[in-house]
Amino acid sequence: KLLEREFADHAQEVFEHYWQEELSEPHAVHRALGGLSNDLWYFAGTQHMAEHLSRISDLSVYFYCFRGLKRSVHGSDAQHWRGTAKGALSKNMAAYLGNFVRDGDPNGTGLPRWDPKVAGDPHYMDLGSDSCMRQLDKDVVAWRAFLSRVYLSTRLTAQLDRSVPADIEAGEHEQARKRARTHAA
């Protein structure tokens, strides 16, 4: 029922992609739901936003995947960005962040080149023991784009539409912004 509710006509396709084992084993259910969750909220979500921002903005977008640990979990890259982890990766990531904050560009002397995201281009910075620009596999890109199209672009947009105040829907953006500033002060 969950997949039918969230993916409608595409529920069977999503099911077949993640559930390749017998579901009577708890670890199989955990692995399947974990894979779907990671793909939706981390991988497809990040790729979706990077792709979208690179299309609509004249600012540079820097897309990366962190592989600095054997098993990375959400937020495990934080100490590397702060430069507090041991090793060259931490030093490089802290330098990237400092350069980006200062100049709007993470690149600097002695660092592997990090190219900005270009719309439609599957390249990303692979931050790991051998940091460099890599290209996402075309099947991975296609699956994440599918998830973005059938879930992120439709389901989340519907949720956002329900949460937009009526005055903003009516085009009163400037008045709403002024009211928000007044309330924040």
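The following legends describe close-up views of a predicted protein model.

**Figure 1. Overall fold of the predicted model.** The secondary structure of this protein consists of 8 helices and 3 strands. Along the sequence, these elements follow the order α-α-α-β-α-α-β-β-α-α-α. Of the 185 residues in the protein, 30% are buried. Among contacts with a separation of 6 or more, 47% join residues that lie 24 or more positions apart. The protein exposes about 12,400 Å², and carbon and sulfur atoms supply 54% of this area.

**Figure 2. The largest nonpolar core.** This core has 16 residues, and those with the most contacts inside it are Leu-3, Phe-7, Val-14, Tyr-18, Leu-36 and Leu-147. Four elements each give two or more residues to the core: helix H1 (2-7), helix H2 (11-18), helix H3 (26-56) and helix H6 (138-163). Helix H6 provides the largest share, with 6 residues. Val-14 shows how distant parts of the sequence meet here: leaving out residues up to four places away in sequence, Val-14 touches Leu-3, Phe-7, Trp-19, Leu-36, Trp-143 and Phe-146. Another core, of 10 residues, lies apart from this one and includes Tyr-62, Trp-81, Trp-114 and Met-125.

**Figure 3. Helix H5 and its surroundings.** Helix H5 has 16 residues (residues 88-103), and at 1.5 Å a residue it should span 22 Å; its end C-alpha atoms are 22 Å apart, so the model agrees with the expected span. Which residues of H5 are buried? They are Leu-89, Ser-90, Met-93, Tyr-96 and Asn-99. These buried residues pack against strand S1 (64-66), helix H4 (78-82) and strand S2 (123-127). Gly-104 follows the helix and has a positive phi, near 80 degrees.

**Figure 4. Glu-6 and Ala-8 at the start of the chain.** Glu-6 is found in helix H1. With a relative accessible area of 11%, Glu-6 is buried, because this value falls under the 20% cut-off. Leaving aside neighbours within four places in sequence, Glu-6 is in contact with Val-150, Tyr-151 and Arg-155. Glu-6 also forms a salt bridge with Arg-5, in which the closest N and O atoms are 2.7 Å apart. Arg-5, in contrast to its buried partner, counts as exposed at 55% relative accessibility. Ala-8 is located in the loop between H1 and H2. Most residues other than glycine have a negative phi. Ala-8, although not a glycine, has a positive phi of about 45 degrees. Ala-8 is exposed, with a relative accessible area of 51%.

**Figure 5. A salt bridge and a surface patch involving helix H3.** Arg-55 and Glu-51 form a salt bridge, with the closest N and O atoms 2.8 Å apart. The two residues are 4 positions apart in helix H3, so about one helical turn separates them. In an α-helix there are 3.6 residues a turn, so residues three or four places apart point the same way. Arg-55 is exposed, with a relative accessible area of 57%, whereas Glu-51 counts as buried at 17%. On the surface, Trp-41, Tyr-42 and Phe-43 form a nonpolar patch, and together they have about 290 Å² of accessible area. Tyr-42 belongs to helix H3 and is partly exposed, with a relative accessible area of 33%.

**Figure 6. A salt-bridge network that includes strand S2.** The structure holds 8 salt bridges, one of which joins Arg-67 to Asp-126, with the closest N and O atoms 2.7 Å apart. Arg-67 lies in the loop between S1 and H4 and Asp-126 lies in strand S2, so the pair ties together parts that are 59 residues apart in sequence. Is each partner buried or partly exposed? Arg-67 counts as partly exposed at 45% relative accessibility, and Asp-126 counts as buried at 7%. Salt bridges with shared partners join Arg-67, Asp-126, Asp-130 and Arg-134 into one network.

**Figure 7. Asp-121 in the loop before strand S2.** Asp-121 is placed in the loop between H5 and S2. At 26% relative accessibility, Asp-121 counts as partly exposed. Asp-121 and Leu-136 are 15 residues apart in sequence, and their C-alpha atoms are 9.1 Å apart in space.

Note on methods
Residues are numbered from 1 along each chain as its sequence is written. This is a predicted model: local features need pLDDT of at least 70, side-chain atom pairs count only at pLDDT 80 or more; totals for chains, interfaces and linings use all residues. Side-chain values use heavy atoms; hydrogens and water are left out. The expected span of a helix is 1.5 Å times one less than its number of residues. Buried means under 20% relative accessible area, exposed over 50%, partly exposed in between (1.4 Å probe, protein chains only). Contact means heavy atoms within 4.5 Å. Accessible areas come from the Shrake-Rupley method with a 1.4 Å probe; for residues, only the protein chains shown count as cover. A nonpolar core is a set of buried Ala, Val, Leu, Ile, Met, Phe, Trp, Tyr and Cys residues joined through side-chain atoms within 4.5 Å. Patches are made of residues with over 30% relative accessible area and no salt bridge: like charges are joined within 9 Å, nonpolar side chains (Val, Leu, Ile, Met, Phe, Trp, Tyr) within 5 Å. A salt bridge is a side-chain nitrogen of Lys or Arg within 4 Å of a carboxyl oxygen of Asp or Glu.
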